[in-house]
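Me: Please walk me through this structure one question at a time. I would like to see how each answer is reached.

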Amino acid sequence: AEKRAGEWLAGRVAAKKCVQRLTAALGKNHDDLTAIVISADTLGKPFVEGEAALSVDHISISHSHQLAGAALANSGAFMGLGMDIERVESRSESWISDYFADEEIELAGQGNDKWTALTKFWTLKEAVLKALGSGLRFDLREVVIKNVSAYGKAEIEFRNDILIHAQTIGYQFLEARVNLVGSMAIAKAVLYPRA
């Protein structure tokens, strides 16, 4: 619990430093990190409070195995931003059946790279749900990774309830990527609205 709390705090510090850099680029200095307040809505989606909130429209935070990261952006052409970090490691077969569609399991294969592929898929799913602003309230098997290129670009399909949710909020296009850095999978997703 103490380690997890430290990771959570590191994620908040990373987010505050991102806010600090973004606002500085916009000509507004926030030198005191304690004055930047990061809160979360009822679904756990982080947001910036106070004066700095005027410069930040999208924020995503992730932490795993003593690594934390944050991504944020001011207003632009997209409607959601998500990122996730996870260490590649073997997990249980129930983890696979609980969170992955049959075609994802087949795509991951059975060789030495199975856990790498499934961890990449997991981080993509979490980044996408963060971009949608929905948290983990949907069945993760409804966000289906159809392909990941050699350069990390992902082809993703929404199904059932998550598709309805995405269409309801005005989703048009999703761009998602995942990369492996050492033993860590790092994914980002950007959601674009209908024109």
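Me: Which residue in S7 stands opposite Ile-145?

Reply: First, a word on reading it: this is a predicted model, where local features need pLDDT of at least 70 and side-chain atom pairs count only at pLDDT 80 or more, while totals for chains, interfaces and linings use all residues. Residues are numbered from 1 along each chain as its sequence is written, and side-chain values use heavy atoms, with hydrogens and water left out. Helices (H or I, at least four residues) and strands (E, at least two) are DSSP runs, numbered from the N terminus. In strand S7, the residue standing opposite Ile-145 is Ile-156.

Me: Over how many bridges do S6 and S7 pair?

Reply: Strands of a sheet pair through backbone hydrogen bonds, either parallel or antiparallel. Two strands are called paired if DSSP finds at least two bridges between them. S6 and S7 pair in the antiparallel sense, and their number of bridges is 5.

Me: Which residue takes a positive phi in the hairpin of S6 and S7?

Reply: Look at the 4 residues between the two strands. The positive phi, near 95°, is found at Gly-152.

Me: Which strands stand at the edges of the sheet?

Reply: The sheet is open, with 5 strands in the order S5-S9-S8-S7-S6 and antiparallel pairing. An edge strand has a single partner, so one side of it is left without a neighbour in the sheet. That description fits S5 (80-87) and S6.

Me: What angle does the direction of H4 make with that of S5?

Reply: From one strand to the next, the twist of the sheet averages 25°. H4 packs on this sheet and touches S5, S6, S7, S8 and S9, where contact means heavy atoms within 4.5 Å. Axes are lines fitted to C-alpha atoms (for helices over the stretch in contact), and angles run from 0 to 180 degrees between N-to-C directions. For H4 and S5 the angle is about 150°.

Me: Which element gives the most residues to the largest nonpolar core?

Reply: A nonpolar core is a set of buried Ala, Val, Leu, Ile, Met, Phe, Trp, Tyr and Cys residues joined through side-chain atoms within 4.5 Å. The largest one has 33 residues, and Leu-118, Val-128 and Leu-174 are among those with the most contacts inside it. Elements giving two or more residues include helix H2 (93-99), helix H5 (160-168) and strand S9 (184-193). The top contributor, with 11 residues, is H4.

Me: How wide is the arc covered by the buried residues of H5?

Reply: Buried means under 20% relative accessible area, exposed over 50% and partly exposed in between (1.4 Å probe, protein chains only). The buried residues of H5 are Ile-162, His-165 and Ala-166. Their arc, taken from the directions from the helix axis to the C-beta atoms, puts them on the same side of H5, as it is only 95°.

Me: Which elements do the buried residues of H5 pack against?

Reply: The face turned away from the buried side carries the exposed residues Asn-160, Ile-164 and Thr-168. H5 lies across S6, S7 and S8, running at about 100° to S7. The buried residues of H5 have as packing partners H4, S6, S7 and S8.

Me: Is Lys-125 buried or exposed?

Reply: Lys-125 lies in helix H4. Leaving aside neighbours within four places in sequence, Lys-125 is in contact with Tyr-99, Phe-100, Glu-104, Leu-140, Arg-141, Val-143 and Ile-145. Its relative accessibility is 0%, so Lys-125 counts as buried.

Me: How many residues apart in sequence are the parts tied together by Trp-95 and Trp-115?

Reply: Rings of Phe, Tyr and Trp (its six-membered ring) pair if their centres lie within 6.5 Å; planes under 30 degrees apart count as stacked, over 60 as edge-to-face and the rest as tilted. By this rule there are 7 aromatic pairs. Trp-95 and Trp-115 form a tilted one, 6.3 Å centre to centre with 35° between the planes. Trp-95 lies in helix H2 and Trp-115 in helix H4, so the separation in sequence of the parts they tie together is 20 residues.
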